[in-house]
Amino acid sequence: MKLFAFLLASAASLFLPLGVHAQETAPDVLVKTVTNEVLDIIRKDKDIKAGSTKRAIELVEQKVLPHFNFSRMTALAVGKDWRQADTAQQKALTEAFKELLVRTYSNALIAYKNETVDYKPFKMQPGETDVIVRTQIHQPGAKQPITLDYSLEKNAQGWKVYDVVIAGVSLVTNYRSSFATEVRNGGIDGLIKTLQAKNKTLEASAK
Amino acid sequence: METTYFRQISRLAVVVAAAGLLGGCATSGNPKDPIEGFNRAMYGFNEGLDKVIIKPVATGYEAVLPSPIQTGISNIFSNIADIMIGVNNLLQGKPAQAASDAGRVLVNSTIGFLGLLDVASTMGMEKHEEDFGQTFGRWGMEDGAYVVWPFFGPRTARDTIGLVFDVATDPLSYIDHVATRNTVWAVRIVSNRADLLKADKIIEEAALDKYSYVRDAYLQRRKSLIHDGNPPKFDPYSGSQDGKVSEAFGEGATHEQVASRN
């Protein structure tokens, strides 16, 4: 009986931490792991070295996308007009905005692949569900490192990035006024069309 | 010597004020950008100037000069700039940062071979970014209208006043030999531009409307700088007391965001 209890306890102690770990990677660890993994691939991949946006996009979709909450990002970028969009429109907006951001992000990765990333010390209160992980990009030769901050929020699937802030500029809220203008001129559908057209142009010109 | 720049800038101010009155009708209603018509025209002018002269020169500069030399040149300007960055930190009531800036100048000017090497950074003395526009912001001056100046590019009204002080106190303004001063200035412009070459394509691809993308990025960045990277809210439009502003730019989402961050 004692042996059984012992076995059970050891089994529990073996598996429990594993289970918790898989679900709850700390946000700073998540950012670090994903960044390092992606940079590692980018520096080695032949096509990306040759400047292939397509390959970089594939990589971002595979490795980075699962950790982003794009509907939250799109809602933030659209602002108050988000509420007047119906479910289908919200979905179309999210898809189109996702495509644009993925492309921008992929190109930034290609352009800055030789830079080194520093992770600022990260502190989190227990129970916190909304945090900022701060990193710094060091460019060879340039005088000042660029700050690159990720805002993450915890949901049922774990920690998800909902904003990326480069040198104090949010990639998400920076769209707010141009999105508002689009909505004012052509409604939600107008904004969707503009985004889709923009994506098409970029896709056509991409390597 | 500085009076020339003051005169130039005040002349520009008159032009802008006049154009602002004219351009007032041609806005898309952004409260931060009341002279959008004029600003877009000036933005177009600056873009043209960049495309025809500055960017090609910066591209050539980057292609021809070996990277360590570019770094050295960049470092020398950075070292000179650290003097006024320190003064601004002092004016903003941040003596520790100011002392560190003074230390940087001391270290880099001596063991860094007159600023050629940024030894201070490798010693852990962080480079700061300060100017008079930020100092005035720190003192509580509102940023005011967004203005795109020919040659100087985007500023807010407050940062325009800051720019006048920046230029007047720029150590390079005190080079008496005109040809030397102009050459040094030109090299600084090209060196700064070369640092930004990579960002071009990214902005080009990311923006639906490049003008408003650059404007909003400028406003967000300035806000972030004034708060040394920790702005209270990160919506570029939420800083204004004007109720219309937040209404026009989705106050709901901002508050949600702020609430969920606290």
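A residue counts as buried here if 20 or more other C-beta atoms lie within 10 Å of its own. By that yardstick, in this predicted model, buried residues account for 36% of the 207 residues of chain A.

Chain A is a good place to begin a tour of the fold. Its secondary structure consists of 7 helices and 5 strands. Read from the N terminus, the elements follow the order α-α-α-α-α-α-β-β-β-β-β-α. Contacts along chain A can also be sorted by how far apart the partners lie in sequence: of those between residues at least 6 apart, 58% join residues at least 24 apart.

Chain B offers a helix worth a careful look. Helix α2 of chain B, which covers residues 36–64, has a kink of about 50°. The centre of this kink is B:Asp50. Several residues of α2(B) are buried, namely B:Glu36, B:Phe38, B:Asn39, B:Arg40, B:Met42, B:Tyr43 and B:Ala58. A general rule helps when reading such a list: an α-helix has 3.6 residues a turn, so residues three or four places apart point the same way.

It remains to ask how confident the predictor is. For chain B the mean pLDDT is 81, with 78% of the residues at 70 or more. Two stretches of chain B fall below 50 in pLDDT: residues 19–26 and residues 234–262. Beyond near neighbours in sequence, residues 19–26 have 11 contacts in the model, while residues 234–262 have 47. For the complex, the predictor gives an ipTM of 0.80 and a pTM of 0.79.

Note on methods: Residues are numbered from 1 along each chain as its sequence is written. Chains are lettered from A and ligands numbered from 1 in the order in which they are written. This is a predicted model: local features need pLDDT of at least 70, side-chain atom pairs count only at pLDDT 80 or more; totals for chains, interfaces and linings use all residues. pLDDT is the predictor's confidence in each residue, from 0 to 100. Two residues are in contact if their C-beta atoms, placed from the backbone, lie within 7 Å. The bend at a residue is the angle between axes fitted to the seven residues ending there and the seven starting there. Helices (H or I, at least four residues) and strands (E, at least two) are DSSP runs, numbered from the N terminus. A residue is buried if 20 or more other C-beta atoms lie within 10 Å of its own, exposed if 12 or fewer, and partly exposed in between; C-beta atoms are placed from the backbone.
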